[in-house]
Amino acid sequence: MLVAGSRADADGLRSRIRFLGFNSAPDFVAHVYAASDLMAAPTRYEGYGLAILEAVCGGFPGIVGRIAPVPDRFCGRVRELMLSDPESVDDLIHRFRLWRSRRAEFQCEAASLSDRLRQWTWESMAARMLEVI
């Protein structure tokens with residue numbers, strides 16, 4: 001088992017990566033998200049992906065696999081950041097470069113998506129469940 005940072009050390013990347021470790025402070029994740037520009041979660045399987053949803057609701061885009069359920073809620077240009085193959089390093093690099101080349105555009109789209117997602121309430125979900133049932 002690799003200790004956090006040992007792979008970064010071995011690959012000479014330690015100076016470019018900051019490992020935050022566990023932090024039980026209630027506002028820790030909110031502070032991390034506030035300091036973030038993009039979430040990359042190239043998961044092969046994700047039950048629902050609450051971290052992805054939290055990030056997008058925080059107003060920044062995510063590079064995620066199309067297989068995860070949360071991207072079903074994505075619309076607009078942010079869908080361009082979705083990975084066709086989460087196993088493909090080339091696809092991940094392509095999405096990072098795409099995001100970087102159109103950063104302001106994706107940020108604007110993510111903010112709009114964030115507003116729409118945060119309007120989905122428990123009441124909205126209950127009403128939708130009744131429609132389906």
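This dialogue treats the nonpolar cores, an aromatic pair and a surface patch of a predicted model.

Biologist: Where should one begin with the nonpolar side chains, and which residues have the most contacts inside the largest nonpolar core?

Modeller: In soluble globular proteins, nonpolar side chains tend to be buried together. Here the largest nonpolar core comprises 15 residues, and those with the most contacts inside it are Met39, Ile52, Val64, Phe74 and Leu113. At least two residues of this core come from each of strand 1 (39–41), helix 3 and helix 5 (103–118). Helix 3 gives the largest share, 4 residues.

Biologist: Which residues is Phe74 in contact with, leaving aside its neighbours within four places in sequence?

Modeller: Phe74 is in contact with Ile52, Val56, Gly62, Val64, Arg79, Met82 and Leu113. Ile52, Val64 and Leu113 are also among the residues with the most contacts inside the largest core.

Modeller: Apart from that core lies another, of 7 residues, including Leu38, Leu81, Leu83 and Leu98.

Biologist: Let us take Leu81 from that second core. Is Leu81 buried or exposed?

Modeller: A residue counts as buried under 20% relative accessible area. Leu81 has a relative accessible area of 0%, and is therefore buried. Leu81 is placed in the loop between strand 2 and helix 4 (89–101).

Biologist: What does Leu81 touch, not counting residues up to four places away in sequence?

Modeller: The residues touched by Leu81 are Pro61, Gly62, Ile63, Val64, Arg95, Leu98, Trp99 and Phe106. As for Phe106, its C-alpha is 8.9 Å from that of Leu81 in space, while the two residues are 25 residues apart in sequence.

Biologist: How many aromatic pairs does the structure hold, and how is the geometry read?

Modeller: The structure holds 1 aromatic pair. The ring centres of Tyr33 and Phe60 are 5.7 Å apart and the planes stand at 65 degrees, so the pair is edge-to-face. Because Tyr33 lies in helix 2 (residues 28–34) and Phe60 in the loop between helix 3 (50–57) and strand 2 (62–64), the pair ties together parts that are 27 residues apart in sequence. Tyr33 and Phe60 are both buried.

Biologist: Turning to the surface, which residues make the nonpolar surface patch?

Modeller: Trp120, Met125, Met129 and Ile133 make a nonpolar surface patch of about 440 Å².

Biologist: Why does Ile133 count as exposed, and where is the place of Ile133?

Modeller: The cut-off for exposed is over 50% relative accessible area. Ile133 counts as exposed because its relative accessibility is 82%. Ile133 is found in the segment after helix 6 (122–132).

Definitions and conventions:
Residues are numbered from 1 along each chain as its sequence is written. This is a predicted model: local features need pLDDT of at least 70, side-chain atom pairs count only at pLDDT 80 or more; totals for chains, interfaces and linings use all residues. Side-chain values use heavy atoms; hydrogens and water are left out. Patches are made of residues with over 30% relative accessible area and no salt bridge: like charges are joined within 9 Å, nonpolar side chains (Val, Leu, Ile, Met, Phe, Trp, Tyr) within 5 Å. Accessible areas come from the Shrake-Rupley method with a 1.4 Å probe; for residues, only the protein chains shown count as cover. A salt bridge is a side-chain nitrogen of Lys or Arg within 4 Å of a carboxyl oxygen of Asp or Glu. Buried means under 20% relative accessible area, exposed over 50%, partly exposed in between (1.4 Å probe, protein chains only). Rings of Phe, Tyr and Trp (its six-membered ring) pair if their centres lie within 6.5 Å; planes under 30 degrees apart count as stacked, over 60 as edge-to-face and the rest as tilted. A nonpolar core is a set of buried Ala, Val, Leu, Ile, Met, Phe, Trp, Tyr and Cys residues joined through side-chain atoms within 4.5 Å. Contact means heavy atoms within 4.5 Å.
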